Amino acid sequence: MKIILMGPPGSGKGTQASFMASITEVNSVSSGDLFRDNLSRDTELGRMAKTYMDRGKYVPDDVTIGMVMSWIEAPENKKGFVLDGFPRTLLQAESLDDRLGAIGGIDKVILFNVPEPELIKRLAGRILCRKCQTPYHKVFSPPIKQGFCDMCDGELFQRQDDSEAVVRERLSVYTEETSPVIQRYKELGNLIEIDGSLSIEEVEQSLREALE
Ligand code: ADP
Ligand code: ADP
Ligand code: ZN
């Protein structure tokens with residue numbers, strides 16, 4: 001099973017990616033998490049990506065495509081995957097299709113629709129685990145022990161790029177650069193749109209139905 005999760009920042013991709021991966025028995029990856037992992041290890045790629053991420057801009061295609069393709073091509077991900085936040089540009093989508101051509105392409109593209117005021121509230125309260133990247137929300141999805149991850153007891157932190165000014169820029173970059181990708185999958189006929197504004201459990205239920 002090869003699945004893509006799409007949606008604006010804050011629409012619930014990260015929250016649902018591990019659920020999707022568990023019910024389809026494949027691994028999931030977030031391109032944003034891969035960049036943040038490089039950043040925390042202070043790699044050259046991480047330092048370069050930071051200059052874009054801090055401003056809410058997309059990291060250039062060549063770098064992003066190279067990074068995600070090497071994850072996809074790892075032996076443990078050959079049987080399938082859930083991609084969270086990739087592709088976001090037409091070039092990324094085309095590269096993915098070229099690369100997957102021989103093994104059958106993408107099975108399902110799931111788009112989370114959430115109104116902008118709700119996205120702003122979600123991102124303003126988002127906290128995530130420094131160790132395993134699990135997202136929480138101060139009000140909507142708080143951890144059991146304040147400040148620490150339920151899964152691994154890692155420390156929770158707030159992303160710098162979740163500040164209101166950067167969020168506004170990310171939403172406008174999404175509309176500009178990712179709308180054509182959504183249109184493309186719509187035309188190809190494998191786009192499934194989901195109401196991402198419902199509760200986490202209701203969204204999980206819609207995902208189960210989408211997989212049937
Ligand atoms: P969100 O889930 O809130 O949209 P991510 O954690 O997925 O945010 O991404 C954080 C940042 O990483 C983005 O603002 C962008 O700079 C970079 N990034 C992530 N995925 C991509 C991508 N597919 N193409 C270009 N840049 C990306
Ligand atoms: P994305 O990966 O698309 O940027 P996240 O999964 O990180 O989005 O979710 C953004 C924020 O919204 C997080 O704080 C998360 O806990 C919260 N959240 C996710 N899904 C829901 C939901 N269905 N209802 C309320 N809050 C949600
Ligand atoms: Zn954790």
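This text walks through two ligand sites and a small stretch of sheet in a predicted model.

Start with ligand 1. Of the 18 residues around ligand 1, five come nearest: S31, R36, K57, R88 and R170. What kinds of residue make up this shell? Seven are charged, six are nonpolar and five are polar. Now ask which element gives the largest share of the shell. That is helix 2, residues 31-40, with four residues.

Next, look at individual atoms of this site. K57 uses its backbone: a polar backbone atom of K57 sits 2.7 Å from an oxygen atom of ligand 1. R126 uses its side chain instead, where an N or O atom is 3.0 Å from a ligand 1 oxygen. K13 also offers its side chain, with an N or O atom 3.5 Å from an oxygen of ligand 1. How much of ligand 1 does the protein bury? Taken alone, ligand 1 exposes 560 Å², and the protein buries 97% of that area.

Move on to ligand 2. Here 18 residues form the surroundings, and G10, K13, T15, R126 and Y136 are the closest. Two of these names have come up already. K13 has a side-chain N or O atom 3.5 Å from an oxygen of ligand 1, and K13 is also among the closest residues to ligand 2. R126 likewise has a side-chain contact to ligand 1, at 3.0 Å, and is listed among the closest to ligand 2.

The shell of ligand 2 has eight polar, seven nonpolar and three charged residues. Helix 1 (13-24) supplies at least two residues of this shell, and so does strand 6 (135-137).

Which polar atoms approach ligand 2? T15 brings a polar side-chain atom to 2.6 Å from a ligand 2 oxygen. Y136 works through its backbone, with a polar atom 2.7 Å from an oxygen of ligand 2. H137 has a backbone N or O atom 3.5 Å from an oxygen of ligand 2. Taken alone, ligand 2 exposes 560 Å², and the protein buries 93% of that.

Finally, follow strand 6 from the ligand 2 shell into its sheet. The sheet is open, has three strands in the order 6-5-7, and pairs them antiparallel. Which strands form the edges? Strand 6 and strand 7 (156-157) do, and each pairs on one side only. Strand 5 covers residues 126-129 and is joined to strand 7 by two bridges. At C129, the bridge partner in strand 7 is L156.

Key. Residues numbered from 1 in each chain as written. Chains lettered and ligands numbered in written order. Predicted model: local features only at pLDDT ≥ 70, side-chain atom pairs only at ≥ 80, totals over all residues. Heavy atoms only, no water. Near = heavy atom within 4 Å. Polar contact = N/O pair within 3.5 Å; in protein donor to acceptor, adjacent residues only side chain to side chain. Areas by Shrake-Rupley, 256 points an atom, 1.4 Å probe, with all protein chains shown as cover. Nonpolar A, V, L, I, M, F, W, Y, C, P; charged D, E, K, R; others polar. Pairing = 2+ DSSP bridges.
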